[in-house]
Structure formats: C-alpha cells, structure tokens
Amino acid sequence: MCCESKRRFLLLYATQKGQAKAIAEEICQQAGAHGLEADMHCLSEMDKYNLETEKDPVVIVISTTGTGEPPDTARKFVKKIQDKTLPPDHFAHLQYGLLGLGDSEYMFFCNGGRTVDRRLQELGAQHFYDTGLADDCVGLELVVDPWIDGLWLALKEAIQLQKEKEGMNSAVDAVSSSISTAPHAVHELKLSSKVQNLKLEDEGARASDILSQKLDDINLAAPARDTEPSLVHSVPPLSQSALNIPALPPEYIEVEFQDTQGENPHLSSLISEGTTFEVPVTKAVQLTREDAIKTALLLELDIADTTFEYEPGDAFCVICPNNVSEVEELLHMLGLSEKGDDFVCVKVKQGTKKKGASRPQHIPERSAIKFILTWCLEIRAIPKKAFLRALVECTSDAGEKRRLQELCSRQGASDYTHFIRDSNVCLLDLLYAFPSCKPSLSLLIEHLPKLQARSYSVSSSNLYQPGRLRFVFNVVEFPAGPSRPVSRKGLCTGWLAELVAPLLHPSKNSLDTRGESSSTERISIFPRPNNAFHLPADPSVPLIMVGPGTGISPFIGFLQHRQKLREQHADWEFGETWLVFGCRHRDRDYLFRQLQCFLENGTLTHLKVCFSRDSSTAEVAPPKYVQDVLRLCAKEVARVLLKERGYFYVCGDKKHMADDVSDAIVDILSMEMEADKLEAMKILAALREEKRYLQDVWS
C-alpha cells in the first residue's frame, strides 16, 4: 500500500453521479492536516484493496440510485458480500465508518448505504464511528460537514486501539497525545437526515438550528432593500461575522491549447454504462393543447436496426447536450468566444498537491473546448461549496469576494441553502451575479460534474410495435427569479422539443402506429432496465395502475403488451386491469383519450379519470385527484390487493402525488380491514417488500 501503516486508513467510495467521489476526495484532502493518510479507491476496484485482510480502519462513502439500489460501481462489491455462504464472523476483524448519501423524496432513502452497512454488521464488522445518512433533499452538507469533522477524532482513536491490540503502544504516542484530552465518547455522533436534530456551533455562540434561520427572522421590519439578503448581498449577523471557510481545494488540472485541429471523440466514448445506440426520431406528437399549463410531447424512435431491447416498464437514457446559447454565453464569460473550436489537451498538473489526482474519466484527453462544455460538463449543476471557495480566488471585487466567502462558510449555511441550492443557481447565474469572477477552463473541469444522460420511462411495447420505442415527457420550465436572471427550459426536454419541432403534428393519432414522418434527426440512447416495475409474470394476476399526467407513460406500454398477449393467447386467463388517470383539464391535457379503445377490446377492465381544475355543476362534486378516485373505489382496491393478491403500480410526481396515493392506500386498508393505521402501514410495507406495490416516481 502507498501509505504509512501507522496513520493509514482505507477510504472507499461508490458513486453514480460523482457526489460520493467528491466527498471522498474531500476526506482524502483533509486527512493530511490531521496527520493521517487516506488510501482511496472506488469500491469497484476490488483488485486494489482486500477487506478480508484489512487491519486499518475503513471509511466508506456510498450513494443510492434508482429505486434504492447501490450505485453501479458498488454492484460487484455488494454481490460479493451478499454471498450467503460467508460465515457470521467473516469481517469480525474489520472496523469501519460509513456515510450514506440519499434523497428522502424517494421511498428507499439511503438504501445503498444501509444495505452495505447492514450486511457488514451481519458479517461481524464493527463501527468505529456512527453511520451518517445525508439527505440531498435538504442539503447533503448539513450531515456531511459535521460527519467529516467528527471523523478525525474517531479515526485516531480507532488507530490507537488497533495498535494497542498489536502491542505497539510506542508507535502511536503522537496519535494518542492528540486525543488524550478528549472525552472518549466524543466521536459517537448521532447523525440524522432529520435536519432539525443537527446543530452546528458558530465560534463560541450557542448552538442554533441551521434551518431555523429563516428569512423571516432576518430583520424584515426595516423596509429598505439593503436589509433584505439576496444572492449577492448579506445582512447582519452574517455580514459582520468572522467566517470559517473551507480550505482551498488544490488545483490539479492543466489545459494546454493545441495548434492543430482534429476530430472530437464519439459520444459513446463518454458513456460508461454500456452500449449506446444512435437512432432516428420517426414521430413527434404534442399531446396537450396550446393553452395547457404544461406541454407534453410523445416521441417515437426507430430501433429496428439495433440490438436495443426493452420490456414495458423499463427506462432508458437520452444523451443530451448543454444548451447552445448557454455554452456560447459561458465561452464569452471565460474570454474564449473566439476559441470555442480550438483543441485543448487536458492533463494532470505537474506537482499538484491533490492526492491521487487523475483526469476525470468524462473529459477526453484531447478535444475542442466547445465539445467539453457542450457534451462533458454539467454546466447547470448547483455549485458545491468547494467550487464557491475556488471561485473566491478568481474574483477581484472585494465585496463580491466576501459574499462568495460567506456562501461557502459555516456561518452562511442558511444563505447557501436558500440562494444557491433551493434556487437552483448554476455557474452562469453566479457569473452574472459576480461579474468580477473570471474562472479558468481548468477550474470548471475540476469542479463541474459529468453531464448526466436523462432517464425516461418507455411508453410502448415491442410486442405491439416491433422495432419502435416511444416515450412521453413534459417540457420542463424554470421561470426567472431573484437568483436566476433568465427563464430556462429543462436541459433535455427543451433540447428534444426544439429538435423535433419540424415533426410535430396534432395528437389525434397518438396511440396509432401510423402518421410517421420522415426525419433525419437522430438521438443517442442506452438502456436502463427496471428490475421490478414490470407486468406480473402471471397474466391472471389483477393489477391497478395509477398514473396522473405523464405518469401514464409506462402504463400505455403495459396495455399495449397485454392487448397483444390477449390476441396471441386466446386460451390464457387474464386478470382485471384498472387504470386511474388524472390531469388538470379534460379538453387541454387528457393525454391519451384513445384509452377507450383498450376498454372496448377488453384489455382494460376499469378506466377512472379525474380533472382537478375543471369546474362541475354536479350535485356531488366529482373526485379531483387520483387519490380521491381510489378512496371512492376503496372496496375494490382492498379486494384486488388483499383477496386476489394483485399488483399496484404508481408512476409520476413523488412530492405532490405518490405520497398522497400511499396515504390513501393506508386509509383504505385501515377502513376495509377495520384495523388501526399502524397495522395498515405494516400491510403496505409488506406489499412493498413482496414487490406488489411498485413505484416509478421522480421529484
């Protein structure tokens, strides 16, 4: 190993979008200041570490992806430790601390970390430091920062205890002296994703709840504009506080401008998830009326000449570029307007102090500047505090420099949450707000994450339409606001809408396979199979599908598939099918009016629709939302789930729908079984465990 054994610890990470890796790198960077050395590896690099023989403490940082799965880079590791033949003392020698990353908007919060943590415990491993679970819904840093702060004492004590066990007390005098005055149990931090339980102390000040620092508390009595905090302006006490700011991240990327031109890499080389397919768009339909609040589009892709395979319920990813005008604006702000097509060579800076520095895998060694900004970097990413800290050094105006310091400081945590994180501020917004900030291209490569492909649910059946793949999406709109000077469309949905604009035609044939347009537009995609969100293997099992808005998308594929199976297997028994659909207005955004044809041919047994914004003159008001429909059908819902052991599917918005549907099911179970709410919640949990209550939801 590369590190001194007396102060070494093993640092492992597993990441899907780069956050866990960035946090691991921060731990690695801070370790030196505490007299420690981190031996850092990705969990997937199983040839570079061996937990079976590891004697030093282990720190694990792991994210969660999909519907609670560990990230792709952890799958082999998880499969290995899940081996049921391993004895219960397999890791009895192992001491570890684990930091899990997740989002409480999703059902299986931090399940990637919990899975690894639980299994290591089952195999005899011991915590030397309490597990931290950081919530991206409210801000990872609210748990990550104090977890890292407490880690060093715990590590030193764990190393000391390990050396004492080995009878090497003399070798750890330096370490033990640094903790001799500290209480033994200081490192036992009880970290919770419930932010109200997490308190930080400003120097000598009493501990105060971060989230209680609401804007309402900040001198709103005074009417003058400069008493109101904003992205570019702070107010007392923050504006008068001494600041604890992060250490400056070391520079590690060097960009060399090339005299010669060349060819940019193929997009497939940027994707680590597997095979990519470049396919033509054969059809585009606007499903909503022009006066609808949201614009929903259906796109059809021709996959006939590829090996792309999917099942109804699967998802797939679209490789999309950054917005052209935003790239041009960024080039202008970087002073590179005339050099966008110039080629650069990206390599590790000689003599960098960054441990284990390497060129990011998503950045080609040689390509055009514009290619990097268009296809490689997520230029709309919310800047991390480490990035803000680096931007301080690129800012010449003293006032702007101070404000950036505040936003990345401990004391400015509330302002960072409100004006950066919750406002979805990106690099361009910062450069507009702080015009004296002039970062280099190398700094952007160091701090901006990989541009992620966007995931969509399949809305078709390959059995029903061979060689075709359809999907449905709303064109996302981000309005302008105090921290964002211009409105923006969703990165991928805006790009797709612009791409297919010449193909668009009325929606009356949206479920028909006819009406194709000749198109030269092509997009790159790759599969992302869903392990659970599929039709029951037994077609006689009944199912209930709940999908308001574009949440109906996968269920169109379900119904098409079920219709074809009925045609091909007249002797099979098919269970009843329920579809509950909701939208705002019947005449504006009822996405698939042709659902009636599934009723007429018997594929769909029950179709229930509701319209939340339509007025009604009926004596008894009709249900407005899908959860209201479910309550009206309580007996049938309970019968399908409990007596007939049916499946229940929910697809759509997590925050404003899926939780309400879940609450409705608990109420229905409680009422129909004459059980208390706790018992009903246990039954719902059991349905989830049996994979008979399935969700495909997004924030």
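## Helix 13 and the sheet

In this predicted model, helix 13 (residues 491-500) lies across a whole set of strands: strand 10 (277-286), strand 11, strand 12 (315-319), strand 15, strand 16 and strand 19 (522-528). Against strand 15, the helix runs at about 70 degrees.

Those strands make up an open sheet of six, in the order 15-12-19-10-11-16, with antiparallel pairing. Strand 15 (454-457) and strand 16 (468-474) sit at the edges; each has a single partner strand, so one side of each is left without a neighbour in the sheet. From one strand to the next, the twist averages 40 degrees. At the strand 16 edge, seven bridges join that strand to strand 11 (residues 296-302), the two running antiparallel. One place to look is D302, whose bridge partner in strand 16 is R468.

## Two nonpolar cores

Nonpolar side chains tend to be buried together in soluble globular proteins. Here, the largest nonpolar core has 52 residues. L330, L373, L377, L391, L444 and I445 have the most contacts inside it. Take L391: leaving aside neighbours within four places in sequence, this leucine is in contact with L404, L427, L430, C437, P439 and L443.

Apart from that core lies another, of 30 residues, with A20, I23, L99 and L155 among them.

## Salt bridges, buried and partly exposed

The salt bridge count comes to 37. One of them brings the side chains of R8 and D39 together at 3.1 Å, N to O. R8 lies in strand 1 (residues 8-14) and D39 in strand 2 (residues 37-42), so this pair ties together parts that are 31 residues apart in sequence. Both R8 and D39 are buried. Salt bridges that share partners also join R8, D39, E54 and D56 into one network.

E45 and K48 form another salt bridge, at 3.4 Å from N to O. Here E45 is partly exposed, with a relative accessible area of 26%, and K48 is partly exposed too, at 41%.

Further along the chain, the side chains of E690 and R645 meet at 3.2 Å, N to O. E690 belongs to the loop between helix 20 (677-689) and strand 24 (693-698), while R645 is in the loop between helix 18 (634-643) and strand 23 (647-653), so their salt bridge ties together parts that are 45 residues apart in sequence. E690 has a relative accessible area of 37%, making it partly exposed, and R645 also counts as partly exposed, at 47% relative accessibility.

Methods: Residues numbered from 1 in each chain as written. Predicted model: local features only at pLDDT ≥ 70, side-chain atom pairs only at ≥ 80, totals over all residues. Heavy atoms only, no water. Core = buried A, V, L, I, M, F, W, Y, C linked by side-chain atoms within 4.5 Å. Buried < 20%, exposed > 50% of the residue type's maximum accessible area, 1.4 Å probe, protein only. Contact = heavy atoms within 4.5 Å. Pairing = 2+ DSSP bridges. Helix = DSSP H or I, 4+ residues; strand = E, 2+ residues; numbered from the N terminus. Axes fitted to C-alpha atoms, helices over the stretch in contact; angles between N-to-C directions. Salt bridge = Lys/Arg side-chain N within 4 Å of Asp/Glu carboxyl O.
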